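Dear colleague,

Please find below the structure that I am handing over to you. My account of what was found in it follows directly after.

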Amino acid sequence: MTAPLTPPHQPPHDPAWPPPPPPASGPDGDPITAAEVVQGALVTIASAVAGALLGVLWLNLAPRVLLVSDGKGVYLRNSEGETTIGADGTFVLLALAFGAVAGITVFLLRRRGGVPLVLGLAAGGVLGSLLAWGLGTHFGPTSDVVAHAKAVGPHVTFEAPLELHLGAAALLAWPLAAMIAHLSLTAAFGPRDPDPWEHPKAL
C-alpha cells in the first residue's frame, strides 16, 4: 500500500500556506505605514488651515471692481478696465505661491515622500482654496448689488462683490503647484533605492 502523494503545488506541513496577501505599498514597493497615513492627514489639515491666510491676503490684495448706479440700473464705473479679472489673477498667483511653499516644506520635512503625503498635499490644497474663497467672498463687499446700490444712493461709486470667474481652474492652482513642487524635488533630491546590479551578491 502506497502513501498518498502530496500535490507538487502544496508543500506538506507548511503552516504559512497559503501565503498571506501582500500589504498595501507605495510606488517604490514599500508598505504604507500608519505613521505615513497620519502624516498625510496632518498635511491636509495644515494646508486647509493655511487657506485662511490665503483668504485674508486675497481680500486685501485683489483689485476692486467699482460700480455706480443711476437710480435705474447698476453699471461698471470703468467698462474698459481690467479689474474684472484682477481678482482671479490675484487668487491664482497667491494660490500658486502657497502650493509651492507647501510642497517644498513637506519635502524638507519628509524627504522620502510617499503616497499619503502627495494625497495630503492635493486634498489640503483643495480645502485651503475653498476656505480662502469662502472667507474672501463672505467678508468682502456684499453680493446683493441692488441693495448696496440703493443704500449708497445714485451716482455714488461702490465696490462690486469679490468673485472668482475662473471657478474650478482657480481652485486647482494650489494643489497642482504643491504636487508639482513636491514631486519635482523628490525626483531630483529624494533618496535613491540601491541598484542591485552595482553590488551583485556573491554566488
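I begin with one residue, Phe-98, which counts as buried because its relative accessibility is 17%, under the 20% cut-off that defines the term. Please bear in mind throughout that this is a predicted model. Phe-98 belongs to helix α2. Leaving aside residues up to four places away in sequence, Phe-98 touches Ala-50, Leu-53, Leu-54, Leu-57 and Trp-174. A further relation concerns Ala-178: Phe-98 is separated from it by 80 residues in sequence, yet the two C-alpha atoms are 7.8 Å apart in space.

Several of these partners lead to helix α1, which covers residues 34-61. Helix α1 comprises 28 residues, and the distance from its first C-alpha to its last is 41 Å, close to the 40 Å expected at 1.5 Å a residue. Which residues of α1 are buried? They are Glu-36, Gly-40, Val-43, Thr-44, Ser-47, Ala-48, Gly-51, Leu-54, Gly-55, Trp-58 and Leu-59. An α-helix has 3.6 residues a turn, so residues three or four places apart point the same way. The buried residues of α1 pack against three other helices, namely α2 (86-109), α3 (115-139) and α6 (173-189). Leu-54 thus appears twice in this account, as a buried residue of α1 and as a contact of Phe-98.

Helices α1 and α2 also come together at the second largest pocket, where each supplies at least two residues of the lining. This pocket holds about 240 Å³ of space. Its lining consists of 15 residues, and those nearest the centre are Ala-46, Ser-47, Ala-102, Thr-105 and Val-106. Of the lining residues, 11 are nonpolar, three are polar and one is charged. Ser-47, one of the residues nearest the pocket centre, is also among the buried residues of α1.

Finally, some values for the chain as a whole. The protein chain contains six helices and three strands, arranged along the sequence in the pattern α-β-β-α-α-α-β-α-α. Of its 203 residues, 31% are buried. Among contacts with a separation of 6 or more, 77% join residues 24 or more positions apart. The accessible surface of the chain is about 13200 Å², and carbon and sulfur atoms account for 68% of that area.

With kind regards

Terms used
Residues are numbered from 1 along each chain as its sequence is written. This is a predicted model: local features need pLDDT of at least 70, side-chain atom pairs count only at pLDDT 80 or more; totals for chains, interfaces and linings use all residues. Side-chain values use heavy atoms; hydrogens and water are left out. Helices (H or I, at least four residues) and strands (E, at least two) are DSSP runs, numbered from the N terminus. The expected span of a helix is 1.5 Å times one less than its number of residues. Buried means under 20% relative accessible area, exposed over 50%, partly exposed in between (1.4 Å probe, protein chains only). Contact means heavy atoms within 4.5 Å. On a 1 Å grid over the protein atoms alone, a cavity is a set of points where a 1.4 Å probe fits but cannot get out, and a pocket is an open set with protein on both sides within 12 Å along at least five of seven lines; lining residues have an atom within 4 Å of a point. Grid points are joined across faces, edges and corners, and a volume is the space filled by probe spheres set on the points. Ala, Val, Leu, Ile, Met, Phe, Trp, Tyr, Cys and Pro count as nonpolar, Asp, Glu, Lys and Arg as charged, and the others, Gly among them, as polar. Accessible areas come from the Shrake-Rupley method with a 1.4 Å probe; for residues, only the protein chains shown count as cover.
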